[in-house]
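Colleague: I've got a new model up on the screen and would like to talk it through with you. Could you take my questions one at a time?

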Amino acid sequence: AARLARRGPLRVPYAPMAGWAMTPASLRKVCVENDGYAHAPELNDVLHLHRKGIAEIENLEPYVGLKTIYLESNSVDTLEGLLHLSLLRCLYMAKNALTDVEGAVRLKALVTLDISENHVDSLEGLRGHQALATLVAAGNRLADVDAIDALQTCPSLTSLDLSDNKLRDANVVEFLTSQDAQLANRLALLKFRGNPAVGETKSYRKTVVSRMRSLNYLDDAPVFPKDRRLAKAWARGGVEEEREERRRIFEDEQAHRERQQKNFEEMVSNAKRDAAAREKAGEVNEPNPYRFMSDSAAAEARLMMEENVPEWRIEEMRAQETFPWQVQARREAEEREAAAKAEAEAKAKRAEAEEQARAKAARAEAEEEAERDAERARVASAISASITDETLEQMVAEQVRESLSLSRSVPVAVPMADDGPTPGIHVAAVAEEEETQISTSVGNTFPP
């Protein structure tokens with residue numbers, strides 16, 4: 001004990017605290033905790049990884065369906081490990097250790113990017129990004145125009161937060177409000193407070209509002225049409241022109257109020273005149289206390305005032321959706337659904353009956369055709385059986401006689417020698433003689 005007392009207190013070696021490792025098992029556990037799909041990573045579209053102490057993004061290859069990732073309050077210093085997520089739309093990486101956004105342009109579906117409170121000194125990694133609409137880069141180390149020059153190549157950018165950076169040069173304001181950079185015509189929201197350039201720009205808010213015609217919100221305050229008119233007047237002629245524009249705005253507002261008052265008085269007088277005309281005609285004007293209510297509110301008020309339904313019962317009926325008109329609406333919807341179902345069933349039955357009739361007609365037609373084919377086959381068989389050799393010879397002789405009878409009426413030209421016609425012999429006589437010889441030979445061959 002004395003020796004220990006002389007040595008002093010025991011010193012325990014320092015061990016650095018280990019961060020949360022993005023292993024497949026830990027990612028599955030996160031999915032289970034947030035009602036995700038642990039065994040089908042590709043089905044997850046949101047992943048909550050904030051405040052985990054993550055130093056390196058890894059093992060997200062199976063999570064190809066992610067659209068939103070929350071990675072705030074970690075120690076990530078690069079976007080590597082996320083660049084394969086082609087469907088990613090929202091990336092929240094505030095309070096990390098990023099020094100740039102290299103590779104962000106590869107996330108082509110990215111719409112919202114939050115990299116606030118990092119160590120980013122350049123936005124060059126966003127050059128040419130076509131889909132980015134919202135960029136939150138507050139609390140970084142952006143220092144000059146070159147650091148934010150890539151923003152002019154982002155055609156979809158409408159919301160930009162560059163507050164609390166190191167932007168000192170007044171040329172940064174000129175860049176943001178210049179028509180050449182096109183940001184002045186696209187940005188609807190701009191947060192720039194907390195930069196030294198704000199103090200370097202004369203009448204900062206008036207300058208920005210007068211030059212950015214699409215701007216609806218600047219820093220912590222909205223831009224109203226009145227503010228835009230005053231800012232443009234100041235840009236045209238300084239304080240005097242602004243004072244004159246303020247007077248014109250006052251006159252316009254006063255004229256608008258007078259028109260509204262006149263229209264109201266005219267409406268009241270018309271209502272009184274109509275009421276007097278109805279009273280003169282004998283019509284009874286019963287006041288309607290529910291005329292300014294919606295239909296459902298008026299119906300509930302009638303139940304309470306006219307049918308003495310207690311308020312607790314009204315609340316119960318509202319919660320259970322058992323108001324008479326709601327029950328009636330459900331009944332009518334059920335009747336319509338039943339009618340539609342019955343009509344569909346009847347239509348299906350009619351279609352089935354028509355199909356069966358067509359099939360029956362087709363079968364009957366096929367049977368008739370088969371009977372006709374069988375009859376033709378029987379006739380052909382009977383004819384072939386009745387024909388003998390003698391009958392066949394008679395048929396051939398008959399055909400020969402018919403052909404000879406046709407040839408008698410047609411004169412036949414007999415070729416003769418070239419030295420002239422033979423005297424005393426005529427062509428018709430020769431033809432008749434040849435025909436007699438042919439008939440004699442046929443008669444000898446096939447007796448009648």
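**Salt bridges, sheet and core**

Modeller: Let's start with the charged groups: R229, R236, E241, E244, E245, R247, R248, E251 and D252 are linked in a network of salt bridges. Keep in mind that this is a predicted model.

Colleague: OK, take one pair from that network. How far apart are the closest N and O atoms of R248 and E241?

Modeller: Both residues belong to the network. R248 is partly exposed at 25% relative accessibility, and E241 is partly exposed at 24%. The two form a salt bridge, and their closest N and O atoms are separated by 3.2 Å.

Colleague: Which residue forms a salt bridge with R127?

Modeller: R127 has a relative accessible area of 33%, so it counts as partly exposed. Its partner is partly exposed too, at 38% relative accessibility. The closest N and O atoms of the pair are 2.4 Å apart, and the partner is E124.

Colleague: And E315 with R318: by about how much of a helix are they separated?

Modeller: E315 is partly exposed at 42% relative accessibility, and R318 is partly exposed at 34%. They form a salt bridge with the closest N and O atoms 2.8 Å apart. Both sit in helix 10 (residues 311-320), 3 residues apart, so the separation is about one helical turn.

Colleague: How many salt bridges does the count come to?

Modeller: We've now been through R248 with E241, R127 with E124 and E315 with R318. Those are among the ones counted, and the count comes to 25 salt bridges.

Colleague: Let's turn to the sheet. Which strands are at its edges?

Modeller: There are 9 strands in an open sheet, ordered 1-2-3-4-5-6-7-8-9, with mixed pairing. An edge strand pairs on one side only, and that description fits strand 1 (46-48) and strand 9 (221-222).

Colleague: Which residue of strand 7 stands opposite L160?

Modeller: Strand 6 covers residues 159-161 and strand 7 covers residues 189-191. These strands pair in the parallel sense, over 3 bridges. Opposite L160 in strand 7 stands L190.

Colleague: What about the inside? Which residues touch the most other members of the largest nonpolar core?

Modeller: That core has 62 residues, and the two that touch the most other members are L91 and L135. Helices 2 (24-33), 3 (145-148), 4 (171-177), 5 (183-186) and 7 (204-211) are the elements giving it two or more residues. The most comes from helix 4, with 4 residues. So much for the helices; the names you asked for are L91 and L135.

Colleague: L91 interests me. Which Asp is it in contact with, leaving aside neighbours within four places in sequence?

Modeller: Its contacts include a run of leucines: L71, L79, L82, L107, L110 and L113. I69 and T112 are on the list as well. The Asp is D114.

Colleague: How many residues does the second, separate core have?

Modeller: Its members include L303, V309, M317 and F323. The size of this second core is 5 residues.

Colleague: N118 caught my eye in a loop. Is it buried or exposed?

Modeller: N118 lies in the loop between strand 4 (112-114) and strand 5 (134-136). It touches M93, A94, K95, N96, A97, L98, G139 and N140, leaving out residues up to four places away in sequence. Its side chain reaches the backbone nitrogen of A97 at 3.2 Å, and one of its side-chain polar atoms lies 3.0 Å from the backbone nitrogen of L98. The relative accessible area of N118 is 3%, under the 20% cut-off, so the residue is buried.

Colleague: Then L87, also in a loop. How far is its C-alpha atom from that of L66?

Modeller: L87 sits between strand 2 (68-70) and strand 3 (90-92), and at 42% relative accessibility it is partly exposed. Not counting residues up to four places away in sequence, it touches V64, G65, L66, K67 and A109. L87 and L66 are 21 residues apart along the chain, yet their C-alpha atoms are separated by 6.3 Å.

Colleague: Last one, on the cysteines. How many disulfides does the count come to?

Modeller: C31 is buried at 3% relative accessibility, and C154 is buried at 0%. A disulfide is a covalent bond between the sulfur atoms of two cysteines. For this model the count of disulfides comes to 0.

Notes: Residues are numbered from 1 along each chain as its sequence is written. This is a predicted model: local features need pLDDT of at least 70, side-chain atom pairs count only at pLDDT 80 or more; totals for chains, interfaces and linings use all residues. Side-chain values use heavy atoms; hydrogens and water are left out. Two strands pair if DSSP finds at least two bridges between them. A nonpolar core is a set of buried Ala, Val, Leu, Ile, Met, Phe, Trp, Tyr and Cys residues joined through side-chain atoms within 4.5 Å. Buried means under 20% relative accessible area, exposed over 50%, partly exposed in between (1.4 Å probe, protein chains only). Contact means heavy atoms within 4.5 Å. A disulfide is a pair of cysteine sulfur atoms within 2.5 Å. A polar contact is a pair of N or O atoms within 3.5 Å; within protein, one must be able to donate a hydrogen and the other to accept it, and residues adjacent in sequence count only if both atoms are side-chain atoms. A salt bridge is a side-chain nitrogen of Lys or Arg within 4 Å of a carboxyl oxygen of Asp or Glu.
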